[in-house]
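Please look over the sequence and the model below, and then work through the questions and answers that follow.

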Amino acid sequence: MARAWHLKSRPTGMPTSDNFELKETALPELGEGQVRVRNRWLSVDPYMRGRMNDVKSYVPAFQVGEPLEGGAIGEIVESRAEGLAPGDLVLHMAGWRDEAVVAARGVNKLPNLGAEPQKFLGVLGVTGATAYFGLLDVASAKPGDIVFVSAAAGAVGSVVVQLAKAKGMTAIGSAGGEQKCGFVRSLGADQVVDYRAGPILKNLAAAAPDGVDVYFDNVGGDHLDAAFALARNNARFAICGMIAGYNDPNPASFRFIMRIIAARIRLKGFIVFDFQSRMDEFYREMGQLVASGAVKAQETVTDGLENTPDAFLGLFRGENTGKMLVRL
C-alpha cells in the first residue's frame with residue numbers, strides 16, 4: 001500500500017502536527033496515458049501554507065481529508081504512456097507521498113544537465129526559476145543595480161544573491177543569526193543584514209547608504225517597509241512571498257508605503273508559472289551557471305516520508321538553509 005499525507009484539519013495561525021495525518025492509500029490500476037511513480041525526493045515550500053486555508057488563490061486550496069500535493073522527483077516503475085519508460089526520472093506534483101499514479105501530461109522527464117536529481121526541485125527547478133525570472137524579468141535588474149534580498153539564506157533568496165553577483169550587481173541580503181549571515185556572505189553578498197540583531201531599517205540603511213534599486217521580497221512586513229524607506233528613484237520591487245504574514249492574522253502595516261509615489265517605485269507580484277513557456281531558456285542559462293560554479297545549491301535534507309510535516313513546519317521556524325527537501 002502506498003502512503004500519503006492528508007490535511008486532517010485547517011490550521012489557525014502556525015500549523016501543528018495535529019493538522020496532518022499519514023494514511024495508507026490504494027493506488028488505482030494504471031490506465032492508458034498514465035504512469036506509476038515511486039518518489040525519491042519531496043519539496044516543501046512556504047506557499048503550501050496558503051493552500052491550507054479555505055480561500056481563493058492562484059492555486060486551489062487543499063481539501064480537508066484529501067492528500068496534500070507538492071513538487072516531487074520520482075522514478076517511473078510502470079508506464080502506459082508513450083515516451084515514458086520504467087527507470088525514467090520525472091518531476092511532478094504528486095508529493096507528500098511515496099508512490100502515485102499520474103497522468104503523463106502531469107510529469108516532465110528531467111533534462112540531461114548532468115545535475116543530481118534533487119537539484120530540479122531547487123536551483124534547477126521552480127526555486128531557481130522563481131529567482132531567475134523574478135530578478136531579471138519582474139524586477140528588470142541590470143548590471144550596476146543595488147539589490148536587496150530578504151530571506152537571503154532561504155531557497156529562493158540564496159539563488160537571487162548569487163544571480164545578482166553573477167550579473168554584475170551589488171547584493172545585500174538579510175538573514176537571521178550569525179550562522180545564516182555567514183552563509184549569505186559565503187555566497188558572495190556584498191553586505192549582510194542580521195534582522196535579529198536590531199531594527200531592519202536601521203541596519204539596512206547602514207548596509208545600503210546609497211539606497212536600493214531592486215528589492216526581491218520573500219518576507220513582507222518590516223523588510224518591505226524598510227525597502228520602501230530606502231528605495232532609490234524608479235526602484236523595482238519583485239514581490240515573491242511574504243512569509244512573515246503567512247501565519248499572522250494581523251499582518252503588518254507600512255509606515256513608508258507612500259514613498260511608492262515620490263520614488264516612482266514599480267511594485268509587481270508574480271508567480272513563476274507565468275514563465276512556464278520559457279523554461280528551456282532557464283535550463284540553458286541556469287544550467288551553465290550551476291555547471292560553472294557561479295551558482296551553487298544549498299540544501300537542508302530531512303529523511304523519511306513520516307517526517308515531511310516536520311520539514312514543512314521547519315520552514316517557519318527558520319530551520320532551513322537553502323532548499324528544504326525530504327529524501328525518501
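The radius of gyration used here is taken over C-alpha atoms, and the globule rule is 2.2 Å times the number of residues to the power 0.38. The model is predicted.

Q: What radius of gyration does the protein chain have, set against that of a compact globule with 328 residues?
A: For 328 residues, the rule for a compact globule gives a radius of gyration near 20 Å, and the chain agrees with this expectation. Along its principal axes, the C-alpha trace spans about 60 × 45 × 35 Å. The radius of gyration of the protein chain is 20 Å.

Q: What share of the residues of the protein chain count as buried?
A: The chain has 9 helices and 15 strands, and its accessible surface comes to about 14,900 Å², of which 49% belongs to carbon and sulfur atoms. Counting a residue as buried when its relative accessible area is under 20%, the share among the 328 residues is 51%.

Q: How far apart do the centres of the positive and negative side chains lie?
A: The protein chain carries 35 positive and 36 negative side chains, and each set has its own centre. The distance between the two centres is 5 Å.

Q: Is Ala226 buried or exposed?
A: Ala226 has its place in helix α6, a helix that spans residues 221–230 and is mostly covered, with 9 of its 10 residues buried. Since the relative accessibility of Ala226 is 1%, and buried means under 20%, Ala226 counts as buried.

Q: Which residues is Ala226 in contact with, leaving aside its neighbours within four places in sequence?
A: A contact here requires heavy atoms within 4.5 Å. Phe62, by way of orientation, is 164 residues from Ala226 in sequence and 34 Å from it in space, C-alpha to C-alpha. With the sequence neighbours within four places set aside, the contacts of Ala226 are Ile200, Leu201 and Leu204.

Q: Why is strand β6 described as largely enclosed by the rest of the structure?
A: Strand β6 covers residues 99–103, and it pairs with strand β3 (residues 34–43) in the antiparallel sense over 5 bridges. The description rests on burial, because the number of buried residues in β6, out of 5, is 4.

Q: Which residue in β6 is the bridge partner of Arg38?
A: Strands β3 and β6 pair in the antiparallel sense, and β3 takes in residues 34–43. The bridge partner of Arg38 in β6 is Glu99.

Note on methods: Residues numbered from 1 in each chain as written. Predicted model: local features only at pLDDT ≥ 70, side-chain atom pairs only at ≥ 80, totals over all residues. Heavy atoms only, no water. Buried < 20%, exposed > 50% of the residue type's maximum accessible area, 1.4 Å probe, protein only. Helix = DSSP H or I, 4+ residues; strand = E, 2+ residues; numbered from the N terminus. Areas by Shrake-Rupley, 256 points an atom, 1.4 Å probe, with all protein chains shown as cover. Lys, Arg positive; Asp, Glu negative; His and termini not counted. Charge placed at Lys NZ, Arg CZ, Asp CG, Glu CD. Pairing = 2+ DSSP bridges.
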